[in-house]
Amino acid sequence: MASKVYRSRRLPSHGAQSGWDALLPARAPTTELDRAVSVDVAIIGAGFAGLSAAVRLTELDPKLSIAIIDADEVGHGASGRNSGFLIDLPHDISSGSFGADAVAKSRDEILVARTAIQQYARLAEAQGWDSDVFDPSGKYSVAMTDGGTEHLEAYSLQLKSLGEPNQLLDRGDIEKVTGTPAFKSGLFTPGAVMVQPTALVRAVAAVFQEPVKLYERTPALAIETSPGSCKIKTPKGEVRAGRVVLATNGHAESFGFGRGELLHVFTHASLSEPFDPAVLGGLRKWGATPSSPMGTTVRRINGPDGDRILIRSRYTYHPTIEASDATIKRAGNLHDRKFADRFPTLRRLKMQYRWGGAMALTRNTVPLFGQVAPGIFAACACNGIGGTKSTAAGIAAAELMVGHQSRLGDIFQAFAKPQTLPPRPFVDVGARLNLAYREWRAGRE
């Protein structure tokens with residue numbers, strides 16, 4: 001078999017610093033790769049998927065030598081830019097059908113999510129992470145409208161049929177949590193975990209010791225496969241490995257994998273200035289997802305300088321995997337309106353940080369997973385809920401690579417392949433119209 005080279009067409013560009021990163025003390029990155037190294041496994045990408053693959057590989061075979069490379073610093077990429085929810089339950093709470101097939105699918109989704117959460121829980125206990133990094137506090141779903149309340153009630157019934165505990169909250173109950181009367185109702189589910197996402201991936205990266213080595217600011221420029229080995233070219237060195245985990249989410253397409261199959265969508269968030277906790281009642285730390293999947297996520301966090309509110313809303317399509325400053329500004333304008341609608345007594349509070357984060361979707365909502373070329377195993381295309389789905393994909397890719405069988409692996413290997421998208425410009429028009437329609441349907445939610 002002749003060798004083949006997969007060259008990167010572009011490198012990640014993350015844009016404005018995330019508020020999560022800005023709130024943390026400065027961290028010295030690990031060294032860049034500046035020489036040739038030989039390892040058993042190379043992992044491209046030090047986010048949820050790549051780091052979880054490395055953790056699982058060390059559990060399965062502690063003797064494996066592993067090199068993890070990332071084009072940026074740990075926490076600067078998409079994994080450090082999300083809202084910080086590790087959600088253990090099916091996300092689409094507006095689903096109408098709940099027959100036998102839907103029940104089986106939901107149980108698989110729960111297993112996938114909880115496998116990811118359990119890996120972090122083991123690390124949290126072993127490493128002594130505090131609740132600012134990993135907080136198994138559960139989460140809320142909230143409704144702004146009567147229609148949203150109906151969705152929550154239907155979802156509560158679905159969860160009960162699965163044997164999953166949950167608690168519906170009326171307006172007064174959810175106001176005691178959020179400190180605002182804006183929400184009509186809420187639903188509490190105890191299994192979700194709230195994290196500081198940048199702190200989480202930093203903490204995982206800090207776990208590794210020899211024979212695992214992390215190289216930051218080391219982009220993969222090309223992957224060359226040949227019989228029995230792979231070679232990854234970087235600006236100042238190269239990694240020779242028997243096998244490679246591609247954990248780059250949408251940037252798999254940059255190497256030619258998933259080309260014509262991946263939709264690149266950004267989600268956007270704003271984080272407020274700190275405020276005196278006395279000016280807003282309720283709990284000082286909570287997180288709430290919307291009753292409509294395309295609605296507005298809200299978190300309240302607390303720190304030494306006061307409390308802050310995070311607003312996440314707006315989905316934008318970017319085939320170049322880059323969102324402009326103008327896009328982030330427009331999303332920020334929407335966030336300001338959403339914030340004022342939910343917290344009218346704080347409407348003069350300014351947003352201090354605004355940012356976007358990329359995720360990759362497929363037409364049939366399956367991951368780009370498995371062996372995609374000789375020696376190369378992909379754990380990409382999270383389709384949203386990256387905290388759990390990307391983590392689980394990394395775990396499953398590690399298990400597949402070493403031949404370890406598990407129910408998680410069975411689920412991932414049973415996924416269909418990503419469907420081909422329509423050609424451009426049709427896919428561009430369709431993606432933008434679909435996102436706009438779904439956001440319109442979400443309305444105030």
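**Exercise 1. Is D305 buried, partly exposed or exposed, and what is its relative accessible area?**

Solution. The model is predicted, with local features requiring pLDDT of at least 70 and side-chain atom pairs pLDDT 80 or more, while totals for chains, interfaces and linings use all residues. Residues are numbered from 1 along each chain as its sequence is written, and side-chain values use heavy atoms, with hydrogens and water left out. Begin with the classes: buried means under 20% relative accessible area, exposed means over 50%, and partly exposed lies in between, for a 1.4 Å probe and protein chains only. With a relative accessible area of 44%, D305 is partly exposed. Next, take its partner: D305 forms a salt bridge with R308, the closest N and O atoms being 2.9 Å apart, where a salt bridge is a side-chain nitrogen of Lys or Arg within 4 Å of a carboxyl oxygen of Asp or Glu. R308 is buried, at a relative accessible area of 5%.

**Exercise 2. Find the residue with which R56 forms a salt bridge, and place the pair in the chain.**

Solution. Start from the total, which comes to 24 salt bridges. In one of them R56 is joined to E399, with 2.9 Å between the closest N and O atoms. Helices (H or I, at least four residues) and strands (E, at least two) are DSSP runs, numbered from the N terminus. Because R56 belongs to helix α2 (residues 48–60) and E399 to helix α8 (residues 386–402), the pair ties together parts that are 343 residues apart in sequence. Then check the accessibility: R56 is buried at 15%, and E399 is buried at 4%.

**Exercise 3. Describe the open sheet of 8 strands and its edges.**

Solution. Two strands count as paired if DSSP finds at least two bridges between them. Read the order first: it is β7-β8-β6-β15-β16-β17-β14-β18, with mixed pairing. β7 (167–169) and β18 (351–362) stand at the edges with a single partner strand each, so one side of each is left without a neighbour in the sheet. Neighbouring strands are turned by 25° against each other on average, direction ignored; here axes are lines fitted to C-alpha atoms, for helices over the stretch in contact, and angles run from 0 to 180 degrees between N-to-C directions. Now follow β18 inward: β14 (residues 262–272) pairs with β18 in the antiparallel sense over 11 bridges. Within this pairing, L262 stands opposite T362, and F266 has A358 as its bridge partner. Finally, β18 is mostly covered, since 9 of its 12 residues are buried.

**Exercise 4. Which helix lies across β14 and β17, and at about what angle does it run to β17?**

Solution. Helix α10 (residues 426–442) lies across β14 and β17 (306–317), running at about 135° to β17. Then look for a side-chain link: R314 and E439 meet in a salt bridge of 2.9 Å, N to O. This pair links distant parts of the chain, with R314 in strand β17 and E439 in helix α10, 125 residues apart. R314 counts as partly exposed at 23% relative accessibility, whereas E439 is buried at 18%.

Conventions:
Contact means heavy atoms within 4.5 Å.
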